[in-house]
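Subject: Structure for you to look at

Hello,

I am handing over a structure that is new to you. Please open it first, then read my notes below.

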Amino acid sequence: MTATSTDRVTDAVKRRYNRIAPFYDLVVGRAPIKWWELLWSKVEGKKILEVGVGTGRSFQLYPVNAEVTAIDFSPKMLSYARAKAQKHKLKVNLLEMNVQKIDFQSNAFDTVTASFVFCSVPDPVRGLTEVKRVCKPGGKVILLEHVRSENRVAASLMDMVNPLAFWMVGDNINRRTVEDVRASGLTVEQVTELAAGIFKLIEARKPLD
Ligand SMILES: C[S@@+](CC[C@H](N)C(=O)[O-])C[C@H]1O[C@@H](n2cnc3c(N)ncnc32)[C@H](O)[C@@H]1O
């Protein structure tokens, strides 16, 4: 089978995350934990899927009685998450998996969460469509993301700088993630502005059949 351009970009982004894994907590550890707290205060139900778990920034916030499965396509990021889970004796099912091709049956989870993931997924609508598929009908999807600014000047600057950001860390700084969520067929219920007109908490729901 021949590799598609999405496969090639996916491999390149995965390699970048493998490379930055040792430094990840030093950088992201500085972002305000209250954003992650807000996300986790909104989860519903017992069966939770965290997509793009990274090094496990959210571990401390998992609801006590939840059954959490957490996936990431970067084995290096996962190795840090595994060490953290072991250190804190956290029960979490950690698996290597690409969000663009989730290996779970449909309608499996009450809530699916992701924090700062869809900025680097090569085909975000495909990933979000997979998220919708594995979420139960009426289930919740909650995303913490940075997105393209609504300010035209700032947005143009972001478009200009994006190739450099992508080359450096595999991150797109000009994604229209709220629109991508809608394009996947999820219903956007609320978008909460967190900072600078670009950091947002997006709450969506899978329509009932
Ligand atoms: C910016 S980090 C965020 C990590 C964590 N969610 C956090 O809040 O600190 C993005 C994570 O998403 C993962 N990721 C990116 N694209 C992915 C994909 N297509 N499938 C699965 N994981 C992916 C990366 O490996 C990385 O661990």
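In what order do the strands of the open sheet run? The order is S3-S2-S1-S4-S5-S7-S6, seven strands with mixed pairing. S3 and S6 (187-195) stand at the edges, so each has a single partner strand and one side without a neighbour in the sheet. From one strand to the next, the twist averages 15 degrees. Keep in mind that this is a predicted model.

Start at the S3 edge. S2 (residues 67-72) and S3 (residues 93-96) pair in the parallel sense, over four bridges. Ala70 stands opposite Leu94 in S3. Asp72 stands opposite Glu96 in S3. Helix H3 (residues 75-87) joins in here: S2, H3 and S3 make a right-handed β-α-β unit.

Now the ligand. It is surrounded by 21 residues. The closest are Gly52, Gly54, Arg57, Ser74 and Ser115. By class, the shell has 10 nonpolar, nine polar and two charged residues. Helix H1 (residues 5-28) gives the most to this shell, with four residues.

Last, helix H5 (residues 152-169). Its 18 residues should span 26 Å at 1.5 Å a residue, and its end C-alpha atoms are 24 Å apart, which agrees. H5 has a kink of about 45 degrees at Val161. The proline Pro163 follows shortly after that kink. Just after H5, Gly170 takes a positive phi of about 70 degrees.

Best wishes

Key: Residues are numbered from 1 along each chain as its sequence is written. This is a predicted model: local features need pLDDT of at least 70, side-chain atom pairs count only at pLDDT 80 or more; totals for chains, interfaces and linings use all residues. A residue is near a molecule or strand if its C-beta atom, placed from the backbone, lies within 6 Å of it. Helices (H or I, at least four residues) and strands (E, at least two) are DSSP runs, numbered from the N terminus. Ala, Val, Leu, Ile, Met, Phe, Trp, Tyr, Cys and Pro count as nonpolar, Asp, Glu, Lys and Arg as charged, and the others, Gly among them, as polar. The expected span of a helix is 1.5 Å times one less than its number of residues. The bend at a residue is the angle between axes fitted to the seven residues ending there and the seven starting there. Two strands pair if DSSP finds at least two bridges between them. A crossover is right-handed if, with the strands pointing away from the viewer, the path from the first strand over the helix to the second runs clockwise. Axes are lines fitted to C-alpha atoms, for helices over the stretch in contact, and angles run from 0 to 180 degrees between N-to-C directions.
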